[in-house]
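Biologist: Please take one part of this structure and go through it closely, then say how it sits in the rest. I work at the bench, so give the cut-offs along with the terms.

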Amino acid sequence: MALTLYVDTARWRAHHKQVLEQFPGLIPVCKGNGYGFGHERLAEEATRLGADMLAVGTTYEAARIKDWFSGDLLVLTPFRRGEEPVPLPDRVIRSVSSVEGVHGLVGARVVIEVMSSMKRHGVGEHELGQLHQAIEDVRLEGFGIHLPLDRTDGSDAVEEVIGWMDRLRAARLPLHTMFVSHLSAQELARLQQQFPQTRFRARIGTRLWLGDHESTEYRGAVLDVTRVSKGDRFGYRQQKAASDGWLVVVAGGTSHGVGLEAPKALHGVMPRAKGVARAGLATVNRNLSPFVWSGKQRWFAEPPHMQVSILFVPADSAEPKVGEELVAHLRHTTTQFDRLVDR
């Protein structure tokens with residue numbers, strides 16, 4: 001009995017091909033938990049796509065994935081002096097976001113990140129003049145820019161990239177390759193048309209692996225079902241059942257990522273109102289689970305355990321049976337499955 005990720009493999013791979021057609025030279029991203037699929041699986045899929053480069057989050061990820069992917073590996077986290085050295089092959093390319101960092105990578109293959117409106121990390125315009133001497137000691141693969149997802153100020157992503165292209169050109173720095181993130185296919189085409197001598201390579205993870213929501217589904221197996229009456233005590237904290245119904249033990253707990261949720265940016269009145277309502281219910285131990293039964297998302301009977309969750313299903317619903325599976329609405333990037341089934 002397990003928390004299972006089911007994948008409609010043919011549909012999933014058809015989506016990969018569509019994205020690849022829209023973004024020539026695409027660099028698949030495989031970081032974190034492998035977008036819910038695992039590093040080994042995504043390395044295999046990147047190879048299937050014919051990718052010559054795979055982007056990973058850290059040097060530690062690169063050290064693990066190098067045995068599963070034979071092409072170049074681009075580490076997205078910028079190099080910092082004093083970081084723990086990790087033995088890596090020459091086909092690993094390091095991102096760097098400062099002139100000091102470039103000086104610290106003598107002989108290495110590097111992508112120099114420039115500071116975007118994300119303001120996360122990157123070389124600033126005032127530092128471009130110092131790069132001429134610094135890049136003589138490294139093997140420069142190109143420049144990179146990581147753009148924000150939302151532009152609430154109405155600014156244009158393409159114009160931001162063009163601005164940096166103009167600055168780099170004015171500083172007489174090489175523009176043979178530009179690595180970009182969070183651009184649409186249309187935006188990428190505009191840039192390629194304006195700068196035909198530069199190769200633009202899109203680093204894509206979420207859109208590639210998770211862009212077709214209908215191709216994947218999590219399901220948790222029902223392990224036990226116990227009838228309870230109103231007032232019966234149950235669970236670790238011996239709470240009282242609020243009404244008649246069933247306690248349903250389902251595979252999937254905190255070790256799988258169930259009950260763990262990354263903070264979300266809320267826009268608009270309705271999402272904020274829902275957030276306030278959820279917070280209010282949580283103060284009286286009412287937390288909605290990700291598991292669905294009879295068309296409704298069911299409440300946790302108590303906080304999820306390490307490997308299972310206990311749900312409360314009221315008596316006016318059909319009784320779940322041991323061995324049945326409940327669909328679970330889980331975030332891929334925070335979920336660890338027990339097994340993956342291709343179908």
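Modeller: I will start with the whole chain, go through one sheet and its surroundings, and end with the other regions.

This is a predicted model, in which local features need pLDDT of at least 70 and side-chain atom pairs count only at pLDDT 80 or more, while totals for chains, interfaces and linings use all residues. Residues are numbered from 1 along each chain as its sequence is written, and side-chain values use heavy atoms, with hydrogens and water left out.

The protein has 9 helices and 18 strands; these are DSSP runs numbered from the N terminus, with helices being H or I of at least four residues and strands E of at least two. Of its 343 residues, 48% count as buried, where buried means under 20% relative accessible area, exposed over 50% and partly exposed in between, with a 1.4 Å probe and protein chains only. Along the principal axes, the C-alpha atoms fill a box of roughly 75 × 45 × 40 Å.

The part to look at is an open sheet of 8 strands, in the order β2-β9-β8-β7-β6-β5-β4-β3, with parallel pairing. Its edge strands, β2 (27-28) and β3 (53-56), each pair on one side only. Two strands pair if DSSP finds at least two bridges between them. Strands β7 (residues 139-146) and β8 (residues 177-181) are parallel partners over 4 bridges, and Ile145 stands opposite Val180 in β8. Helix α6 (residues 157-170) packs on the sheet and touches β7, β8 and β9 (199-204). The direction of α6 makes about 145 degrees with that of β7; axes are lines fitted to C-alpha atoms, for helices over the stretch in contact, and angles run from 0 to 180 degrees between N-to-C directions.

The largest nonpolar core has 88 residues, a core being a set of buried Ala, Val, Leu, Ile, Met, Phe, Trp, Tyr and Cys residues joined through side-chain atoms within 4.5 Å. Helix α6 gives the most to this core, with 7 residues. The residues with the most contacts inside the core are Phe37, Ile112, Leu131, Phe143 and Phe200. Leaving aside neighbours within four places in sequence, Leu131 is in contact with Val99, Val102, Ile112, Val123, Phe143 and Leu173; contact means heavy atoms within 4.5 Å.

In the loop between α6 and β8 is Arg172. Its phi is near 55 degrees, a positive value in a residue other than glycine. Most residues other than glycine have a negative phi. Arg172 is exposed, because its relative accessible area is 66%.

On the β3 side of the order, Asp72 lies in strand β4 (residues 72-75). Not counting residues up to four places away, Asp72 touches Asp52, Met53, Leu54, Arg91, Ile93 and Arg109.

Helix α2 (residues 39-48) has as its buried residues His39, Arg41, Leu42, Ala43, Glu45 and Ala46. They pack against both edge strands of the sheet, β2 and β3, and also against α1 (9-22), α3 (59-65), α8 (206-210) and β18. Just after α2, Gly50 takes a positive phi of about 80 degrees.

His332 lies in the loop between β17 (325-328) and β18 (339-342) and is buried, because its relative accessible area is 13%. Beyond four places in sequence, His332 is in contact with Leu5, Asn33, Tyr35, Gly36, Phe37, Leu210, Thr216 and Tyr218. Phe37 is also on the list of most-contacted core residues.

Elsewhere, the pairing of β13 is antiparallel. Strand β10 (residues 216-228) joins β13 through 6 bridges, with Val222 opposite Val250. Strand β16 (residues 308-314) pairs with β13 over 7 bridges, and Leu311 is the bridge partner of Val248. In β13 (residues 245-251), 7 of the 7 residues are buried, so the strand is largely enclosed by the rest of the structure. Apart from the 88-residue core lies another, of 9 residues, among them Phe234, Leu247, Ala301 and Val308.
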